[in-house]
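Student: I should like to learn how to read the pockets and the nonpolar cores of a protein model. May we work through an example together?

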Amino acid sequence: MNKKNIGAIAVILIIVIATGTYYGALMHRQLDYGSELETLLDTKFNEYCENKQGLEEGNIAMKISSPKGDYFVSVGSDQTITENTHYRIASVTKTFTAAAILLLNQEGLLQIDDKITDVIPNKDITYIPETTDYNIPYKEEITIKQLIGHTAGVFDVTNSPIPENTSAPYSGMIYIDYIKELEPEHTFSFDELVGVVASNQLSYFRPGTSYHYSNTGYSMLATIIERVSGLSYAEFIEQYLLEPNGLSDTTIPVSGTDKTLPSPYAEGYAWIDREMLEVTLDNMSPHVAEGNIISTLNNINKWISLLYSGEAGLNKDTIEIMTTPLTEENQGYGLGTTIVEGLGYGHNGAHLGYLNIAMTDPETGVTVTIFAPIDFDNLGDEINFLYNLGREAKRTLGYN
């Protein structure tokens, strides 16, 4: 072998070694990201919980997808949580309902700027039934878009007590709590929930004049989805959003007897009367379309990423509508979409025993989904904790 060949081989060996060293360092760095994220999660969760009297152990899990790789980390010793563990996504459900309405709008089957009393395009029925159950205040002024963006002023019977000056037997109480105490497995209907608003003539404000979060407004959106599509709410979501996007671990309970979660699932815990209690089983029928969906970190991370990148069925123009705030006063909410600085678009969710956020930043391609099967007694602090944790996780990966 001559010197020229020996030199060539030496150069090739140097390149191979250098390349191997580079990719080895890169792989090591990717592995370090997972370790760093786990340390971050463990440290921050312990710091947050250390002053929560009554909590000795807890769990929290996070799934991140990014151009640098996908990562799942979970800490805690109460129960094993994986990215395929089922949990209640609570108000993250609203991203599905809003997407369903906007898909119908995109296909020309409804117009979001229509009044809810208008006739559905190419049909001979109105968006909401012409019955006493839907004879709510200002109904002739409310648009579909205002319902999606919580600017319709619709009274929320799942979160607000019925005023004490009403003559209803549930006066001074939250309606769904009153009914569930009498009949724990009662299956609530959209007509029933909206009917409480109508029979008591309740409203927060005139449509379009302010912002007030309203789950009952989303019950009305579910009614509209059903009347426009001819399918039940669950059937529409399954056929047009779940199945096309491969979300096979996402389910939609609607019956008052359907209280559990698919296996494997996380048990939920809540701080009640100065004691941490298990609250896994629950009647979710009053929350259909606004908070009833069950899913996994893997499915929700995928859904949020696809949705806001315009790959879940809604085109880019529709996503722009979805992510545009309706009011100058509230720049943090679009149409079924929470807008969070440093995290992007998505939603938060809280149901007794279950907290979660699902946020994506289309500019960086980073999606952060965090879930904790536990809640204390200060929802604002808890959700902000998850937001801050998400921001720090992004910074750990090198994104601002």
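Tutor: Certainly. Please keep in mind that this is a predicted model. We shall begin with the pockets. Rolling a probe the size of a water molecule over the atoms shows where empty space is left. Here, the largest pocket has a volume of about 800 Å³.

Student: Which residues are the closest to the centre of the largest pocket?

Tutor: They are Asn159, Ala350, His351, Leu352 and Leu379, out of 33 residues that line this pocket.

Student: Which helices and strands each supply at least two residues of that lining?

Tutor: Two helices, α4 (175-182) and α10 (379-396), and two strands, β4 (269-272) and β8 (344-351), each do so. Helix α10 gives the most, with 6 residues.

Student: How do the residues of the lining of the largest pocket divide by class?

Tutor: There are 14 nonpolar, 12 polar and 7 charged residues in that lining.

Student: What is the volume of the second largest pocket, and which residues lie nearest its centre?

Tutor: Its space comes to about 150 Å³. The lining consists of 14 residues, and Phe188, Phe190, Glu226, Val254 and Val288 lie nearest the centre. Helices α5 (190-200) and α7 (233-242) each supply at least two residues of this lining, and α5 gives the most, with 3. By class, the lining has 8 nonpolar, 4 polar and 2 charged residues.

Student: How should I read a nonpolar core?

Tutor: In soluble globular proteins, nonpolar side chains tend to be buried together. In this model, the largest nonpolar core has 83 residues, and Phe96, Ile144, Ile224 and Tyr233 have the most contacts inside it. Helix α2 (residues 93-106) gives the most to this core, with 8 residues.

Student: Which residues does isoleucine 224 touch, leaving aside those up to four places away in sequence?

Tutor: Isoleucine 224 touches Ile101, Leu110, Ile116, Tyr127, Ile128, Ile144 and Leu147. A second, separate core has 34 residues, including Val340, Val368, Ile374 and Ala393.

Student: Let us take a single residue on helix α10, aspartate 381. Why does aspartate 381 count as partly exposed?

Tutor: Aspartate 381 has a relative accessibility of 40%. Buried means under 20% and exposed means over 50%, so a value in between is called partly exposed.

Student: How many residues along the chain separate aspartate 381 from valine 154, and what is the separation of their C-alpha atoms?

Tutor: The two are 227 residues apart along the chain, and their C-alpha atoms are separated by 26 Å.

Terms used:
Residues numbered from 1 in each chain as written. Predicted model: local features only at pLDDT ≥ 70, side-chain atom pairs only at ≥ 80, totals over all residues. Heavy atoms only, no water. Core = buried A, V, L, I, M, F, W, Y, C linked by side-chain atoms within 4.5 Å. Buried < 20%, exposed > 50% of the residue type's maximum accessible area, 1.4 Å probe, protein only. Helix = DSSP H or I, 4+ residues; strand = E, 2+ residues; numbered from the N terminus. Contact = heavy atoms within 4.5 Å. 1 Å grid on protein atoms, 1.4 Å probe; cavity = no way out; pocket = protein on both sides within 12 Å on 5 of 7 lines; lining within 4 Å. Points joined across faces, edges and corners; volume = space filled by probe spheres on them. Nonpolar A, V, L, I, M, F, W, Y, C, P; charged D, E, K, R; others polar.
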